Amino acid sequence: MDYVRQLDIVAPDLLAATHIDLVGLGGIGSPTGLLLTKMGCQDIRVFDGDLVEEVNLASQIYRLEDATQGTEKAVACQSIWTEFSGISVEAVVARVQDQALRGIVILAVDSNAARNAIWERCLR
């Protein structure tokens with residue numbers, strides 16, 4: 001992809017070399033990951049243990065087939081983002097509680113309790 005429009009903001013080689021953990025692939029996480037891959041971020045690991053449901057289709061980036069087939073959000077995002085950007089991410093079909101997070105961590109979970117629990121774990 002041609003990243004000429006963002007060259008004055010951040011260097012593509014810096015984005016490509018930066019690890020990002022994205023936690024939660026709902027209304028915030030699913031489009032955030034898509035935009036990150038389209039910007040050239042290549043080292044992304046995503047966490048979500050949920051399946052795509054019809055209720056997700058109105059506010060998230062998923063396809064109708066993802067809901068009807070019961071696809072995991074992490075796997076669906078991996079497929080969609082690769083189709084749009086050519087970049088494949090690491091999809092973890094699980095909640096993040098038992099995972100060691102690293103790099104830039106983006107919390108896109110839908111509850112403050114979950115955000116606080118993850119934040120506290122990161123601090124330790």
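How many helices and strands make up the secondary structure of the protein? In this predicted model, the secondary structure comes to five helices and four strands. Followed from the N terminus, these elements run in the order α-β-α-β-α-α-β-β-α, and this order is a useful guide when tracing the chain through the structure above.

The overall dimensions come next. The C-alpha atoms fill a box of roughly 40 × 35 × 20 Å when it is taken along the principal axes. For a chain of 124 residues, a compact globule would have a radius of gyration near 14 Å, and the protein, with 15 Å, agrees with that expectation. Of the 124 residues, 38% are buried. If one takes the contacts between residues at least 6 apart in sequence, 62% of them join residues that are at least 24 apart.

Turning to the surface, the protein exposes about 7100 Å², of which carbon and sulfur atoms supply 53%. As for charge, there are 10 positive and 17 negative side chains, and the centres of these two sets lie 4 Å apart.

Some of these charged side chains pair with one another, and the count of salt bridges comes to four. One of them joins the side chains of R45 and D21, with a distance of 2.7 Å from N to O. Because R45 lies in strand β2 (residues 43-47) and D21 lies in strand β1 (residues 19-23), this pair ties together parts that are 24 residues apart in sequence. Both partners, R45 and D21, are buried.

A second group of charges centres on another arginine. Which residues are linked with R63 in a network of salt bridges? The network consists of R63, D66 and E83. Within this network, R63 forms a salt bridge with D66, the closest N and O atoms being 3.0 Å apart, and R63 also forms a salt bridge with E83, where the closest N and O atoms are 3.6 Å apart. Since R63 lies in the loop between β2 and α3 (64-68), whereas E83 belongs to helix α4 (residues 73-85), the R63 and E83 pair ties together parts that are 20 residues apart in sequence.

The three members of the network can also be described by their exposure. R63 is partly exposed, with a relative accessible area of 23%, a value that falls between the limits of 20% for buried and 50% for exposed. D66 is buried, its relative accessible area being 3%, whereas E83 is exposed, with a relative accessible area of 61%.

Note on methods: Residues numbered from 1 in each chain as written. Predicted model: local features only at pLDDT ≥ 70, side-chain atom pairs only at ≥ 80, totals over all residues. Heavy atoms only, no water. Helix = DSSP H or I, 4+ residues; strand = E, 2+ residues; numbered from the N terminus. Rg over C-alpha atoms; globule rule 2.2 N^0.38 Å. Buried < 20%, exposed > 50% of the residue type's maximum accessible area, 1.4 Å probe, protein only. Contact = heavy atoms within 4.5 Å. Areas by Shrake-Rupley, 256 points an atom, 1.4 Å probe, with all protein chains shown as cover. Lys, Arg positive; Asp, Glu negative; His and termini not counted. Charge placed at Lys NZ, Arg CZ, Asp CG, Glu CD.
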